[in-house]
There are 2 protein chains.
Amino acid sequence: MHVDEFLFVLAVVLVGAKLFGELAEKLGQPAVVGELLAGVVLGGSVLGVVDPGSEIIHLLAELGVIILLFEIGLETQLKRLMAVGPAAAVVALVGVILPFAAGYFMAHAFGLGMLSALLMGAALTATSVGITARVLSDLGRLDDPEGQIVLGAAVLDDVLGLIILGIVGTLVTGATITAGSIAWSTISAFGFLFLAVFVGSFLVPPLFALLERIGKDHTLAIMGLVLALILALLADRAGSALIIGAFAAGLILAPTKQAHAIESGVVRIGGVFVPIFFVAVGAAVDIRAFLDGSVLLLGVSLTVVAVVGKILAGYAPFWLPVRKLVIGVAMVPRGEVGLIFAQMGLTTGVLTTQDFSAVMMMVLVTTFVAPIALKALLPPGQGTRDAEIGISDLTSDA
Amino acid sequence: MHVDEFLFVLAVVLVGAKLFGELAEKLGQPAVVGELLAGVVLGGSVLGVVDPGSEIIHLLAELGVIILLFEIGLETQLKRLMAVGPAAAVVALVGVILPFAAGYFMAHAFGLGMLSALLMGAALTATSVGITARVLSDLGRLDDPEGQIVLGAAVLDDVLGLIILGIVGTLVTGATITAGSIAWSTISAFGFLFLAVFVGSFLVPPLFALLERIGKDHTLAIMGLVLALILALLADRAGSALIIGAFAAGLILAPTKQAHAIESGVVRIGGVFVPIFFVAVGAAVDIRAFLDGSVLLLGVSLTVVAVVGKILAGYAPFWLPVRKLVIGVAMVPRGEVGLIFAQMGLTTGVLTTQDFSAVMMMVLVTTFVAPIALKALLPPGQGTRDAEIGISDLTSDA
């Protein structure tokens, strides 16, 4: 690719992502929906400006998703998760198991192979913590009991989703599926995450405290990014996924005093790379595929499973006096992690363009519908508009 | 390039640049010197980790230099330049003409062709505004009359250097050198810059005021970057250089109310890309070439011309009661623009690796020596350490 062409594509991607992102927000939708739509419009099936198969777009999109998961990790307070406790855990678990199983059997019923069906199920598991937190924050409901449970559950099922991603990612590379290989995948994914966070929590904070003393503010963000790159590479070497390493780097740095400085820099850097990821994902959607009856049917079926599975999960903490429908609806939007599964399926050839389009339809619909339904259920509350954990900073660029 | 390899190279480049950059600063040198040395170490002649010829490194480095020139433009207040007035103008003009002419004839005497000699002369013209402003700011001398003149002259000769770059850039593409083509190059370079700044000054500020009302802070920085990309592409189409367009975008935005928000975001984004440029430049240096007697002789000769030319320029405002030696010495360090010339010469084949290495030697030596000499001439002053225009923000990431 020539420099001219590269700069042109980059300018178009950034303008398209921002334009559609802001437009989506004006319409009360999360920016990520707009960025995906920008990708659809710029992609091969409409304007043909962005070729998601080009090497440089692919590499920059990968860097984008690594930075995104690093940001999500930075926003994730392990302690906070523990405080929300069993209710969040049970919502997360039920909300992962139900959609995963239902999605798997549904895909199987549609005649998909085992690996494709696994990927479909996996793409249904994880609530978008970014989108959900942003919607709750916009409604002033993050500090409600329901908001707290949803936030905790969304973060937990992101972690569960990432671990499933690690397992599925290994399977997708062609490793045979045996009880042993699944166990090994689980151990390596869990093992890497825990080992990285455990070892990292001892080594990294003193290193960054030292960096803060000798270096500049901007250095901290760059070195945070470098940590994410290094752990991503280590995760990959350990048989896990790149993004699990990036997420682990975020988790390690989240409790440090330097977390805020790191995040404020990384969010701005992500402002360039993260939209490239979403636009590249959108560009891979062939909208003509939506007109295909079987794609439409699979997409609608997946969407129904996605919605019903999470709403049922909302009723899982049956012993608590909270509005369980609110919890379930708030868990509905799928986002980053689902998209990563879909993208992985497409690039490895496990999903056809049709399968991929059906997953994309599910992601787009759940992401569109949930904020509207939540607003109907919840009049604006008295809570603070800006969440304590500042997740609106994150999502405004994601 | 595989994703793994890309992430590894990126991590190594960022760590190397930061490590050597901070180390250079601890030794009282500007960070850019360290980043160049990091490139030399990581490049083909030592460790071989960074291949400046790889497509993705090349594209990201180009983006880096575009962002750097955009930052310099954002730091450049046209009004401020006019206030420093004739003294700065005469220092800039003499400081461009003397080294250019002397460098051209020197290179000619060494047997280089006309185009190569032109490039050599051009590489000697522009004082590094980033390095110079940073050194003066560190010494608390930016508000002295000498400091003001140096700053104005450094910015002016950057503009002159960029115009020369536009001309030479056109010649390098193979256009025949006639009085007409030189005139046309001059007109298109000047013309583009003035037209872009003139038209942009009407269109862009209302646009960014609107963006500020409807969008978020982070959007401003991204849209500023997009403006830089668009003007870079337009400059290229107009027969000028990409970086002139990026610089023009900075000039246009510098007086707007949104300039600070844009800059604070762009500096962080540049923190990733700008070091890639300097490391890529350093990686192209073949240190074995320094051992070559003729390279050493040419390098030393260029360095002498570079130092003497600028010191004489310091005496140009003969009518003013200022310390002229201080002005001249402060103008000595060459940086970004000189490197861009050298890099352009190398990639177009106008400079051999030997010629390129001689230019690199000149850039490295002038950049190393000037801060040390300035400190000897000037005891730390009472001026503010942080310049009003905040250029230390810029250079800390450059």
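1. A good place to start is I269(A): of the residues of chain A, I269(A) comes closest to the rotation axis, with its C-alpha at 2.4 Å. The surface around which the copies meet is shared, in that 100% of the contact residues of chain A recur in chain B. Keep in mind that this is a predicted model.

2. Now for the axis itself. Two copies of a chain are related by a rotation about an axis and a shift along it. Here, chain A lands on chain B after a rotation of 180 degrees and a shift of 0.0 Å along the axis, with an RMSD of 0.0 Å. That is how a two-fold axis relates its copies.

3. On to the aromatic rings: searching the whole structure turns up nine aromatic pairs over all chains. One of them joins Y104(A) and F105(A), whose ring centres are 5.3 Å apart; their planes stand at 80 degrees, so this pair is edge-to-face.

4. How buried or exposed are Y104(A) and F105(A)? Y104(A) has 15% relative accessibility and therefore counts as buried, being under 20%. F105(A), at 54%, counts as exposed because its value is over 50%.

5. Over in chain B, have a look at F318(B) and W319(B), which form an edge-to-face aromatic pair. The centres are 5.3 Å apart and the angle between the planes is 90 degrees. F318(B) is exposed, with a relative accessible area of 64%, while W319(B) counts as partly exposed at 46% relative accessibility.

Methods: Residues are numbered from 1 along each chain as its sequence is written. Chains are lettered from A and ligands numbered from 1 in the order in which they are written. This is a predicted model: local features need pLDDT of at least 70, side-chain atom pairs count only at pLDDT 80 or more; totals for chains, interfaces and linings use all residues. Side-chain values use heavy atoms; hydrogens and water are left out. Copies are superposed by least squares on the C-alpha atoms of residues with pLDDT of at least 70 in both. Contact means heavy atoms within 4.5 Å. Rings of Phe, Tyr and Trp (its six-membered ring) pair if their centres lie within 6.5 Å; planes under 30 degrees apart count as stacked, over 60 as edge-to-face and the rest as tilted. Buried means under 20% relative accessible area, exposed over 50%, partly exposed in between (1.4 Å probe, protein chains only).
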